[in-house]
Amino acid sequence: MRTMKEKPMGQRIKEFVADFRRQWEIQSMVIPGIIFMIVFCFIPIYGLTIAFKSYTVIDTLDSAPWVGLDNFRIILSDRYFWDAVVNTLGISFLKLGIGFIIPIILAIMIYELNIGRYKKFVQTISYLPHFLSWIVLGGMLITWFSTSGLFNQLLLNLGLISQPQNILLDPGKYWWIATLSDIWKEAGWGTILYLAIMSKIDPTYYEAAKIDGAGRLRQIWNITLPNMKTIISLNLILTVSGLLGSNLDQTLVLMNSQNRERAEVINSYVYRMGMTQGDFSYATAVGLGVSIVSVILLVTANKVTSKLNDNQSVL
């Protein structure tokens, strides 16, 4: 008996058409998504050609002169670009090291709560910041960290400082502000997938572990975490692939003239070069280079996690 791959191409096409006709109501629901992908994801790919051209607003994509790899050579010698790379990697590694672990710990803590109403309350409170935009949260942080804001008043009353200071104006503290504020906003939302996985774990595993004398920490280590291994690996892959990406909304809200040297990240640099200074070719070249590196990181992270998971790829 021949498998699907061994069947002639004509027969496979006929089977596909027959399956589509039989399920056309369901299959047609995908058509709007396909159209959206084609219009907003695939057609704009042609615009990447301006990374190899000297494009201005008076040119069309076809009339702009080709310059080859000149834009990429400029990138390699641009000190401000490399400063943005350092800031992006610094903030991203802090978010990876701290922000990746906290949702896992928070999800386990919520799962271990036995009081139903309190459990729902904690979940609601932890989810809430995710639904607020960075414009709102950024305004709150700017107000709290001002010299007359909540943060300085609290430190003054505790006697930890003698004079108020606006830490948002301190470049040396920006990485931590960006990291901790992002964790505050997204940690609760990041627990949803972990809680969904934990809800499907067979309770008899925990009952058997209790009979064997295992405490709660031992049960978490030997039962909960192993069952979460796949989703943790998937989130790790996606997080690593986004190391060169950063939260543009957060940066534009919290960045100012005083902390720009440590706040400027690749996304904000591309935005400034493209939208503010009108150097579209250079900005596109930076974005294309970052996308290529991100794909490499994605494939590498997938390979590493598949080795750690006994050669079982999660992508």
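For the residue classes used here, Ala, Val, Leu, Ile, Met, Phe, Trp, Tyr, Cys and Pro count as nonpolar, Asp, Glu, Lys and Arg count as charged, and the others, Gly among them, count as polar. By these classes, the lining of the second largest pocket in this predicted model comprises twelve nonpolar residues, one polar residue and no charged residue. This pocket encloses about 230 Å³ of space. Its lining consists of 13 residues, and those nearest the centre of the pocket are I75, F81, G289, V290 and V293. Two or more lining residues come from each of α4 (70-76), α5 and α18 (280-308). The greatest contribution to the second largest pocket is that of α18, which supplies five residues.

The largest pocket has a volume of about 680 Å³. A total of 25 residues line the largest pocket, with K95, G99, D182, E186 and T239 lying nearest its centre. The elements that provide two or more residues to this lining are α5, α10 (174-186), α11 and α14 (229-241). Helix α5 gives the most to the largest pocket, namely six residues. The class composition of this lining is twelve nonpolar, ten polar and three charged residues. Helix α5 thus appears among the contributors to the largest pocket and also among those to the second largest pocket.

Enclosed space was examined next. The count of cavities of 30 Å³ or more comes to one. The largest cavity holds about 40 Å³ of space. Its lining is formed by I91, K95, S246, N247, Q250, T251 and V265. Two or more of these residues are given by each of α5 (79-99) and α15 (248-254). By class, the cavity lining contains two nonpolar, four polar and one charged residues. Residue K95 lines the largest cavity and is also one of the residues nearest the centre of the largest pocket.

Helix packing was then considered for two pairs. Two packed helices are described by the angle between their axes and the distance between the axes. For α14 and α18, the axes come within 8 Å of each other and cross at roughly 155°. Angles over 145 degrees count as roughly antiparallel, and α14 is therefore roughly antiparallel to α18. The crossing of α14 past α18 is right-handed. On the α14 side, the contact involves S233, L236, I237, V240 and S241, which meet S294, L297, L298, A301, N302 and T305 of α18. Six of the residues in this contact are nonpolar and five are polar, while none is charged.

The second pair consists of α6 (residues 101-112) and α11 (residues 191-198), whose axes come within 9 Å and cross at roughly 45°. This crossing angle makes α6 oblique to α11. Helix α6 passes α11 in a right-handed crossing. From α6, the contact draws on P103, I104, L106, A107, I108, I110 and Y111, and from α11 on T191, Y194, L195 and M198. The residues of the contact between α6 and α11 comprise ten nonpolar, one polar and no charged.

Several helices recur across these results. Helix α14 packs against α18 and contributes to the lining of the largest pocket, whereas α18 contributes to the lining of the second largest pocket. Helix α11, which is in contact with α6, is likewise one of the elements that give two or more residues to the lining of the largest pocket.

Key
Residues numbered from 1 in each chain as written. Predicted model: local features only at pLDDT ≥ 70, side-chain atom pairs only at ≥ 80, totals over all residues. Heavy atoms only, no water. 1 Å grid on protein atoms, 1.4 Å probe; cavity = no way out; pocket = protein on both sides within 12 Å on 5 of 7 lines; lining within 4 Å. Points joined across faces, edges and corners; volume = space filled by probe spheres on them. Helix = DSSP H or I, 4+ residues; strand = E, 2+ residues; numbered from the N terminus. Axes fitted to C-alpha atoms, helices over the stretch in contact; angles between N-to-C directions. Parallel < 35°, antiparallel > 145°, perpendicular 65-115°, else oblique. Left-handed = near helix turned anticlockwise from the far one by under 90°. Contact = heavy atoms within 4.5 Å.
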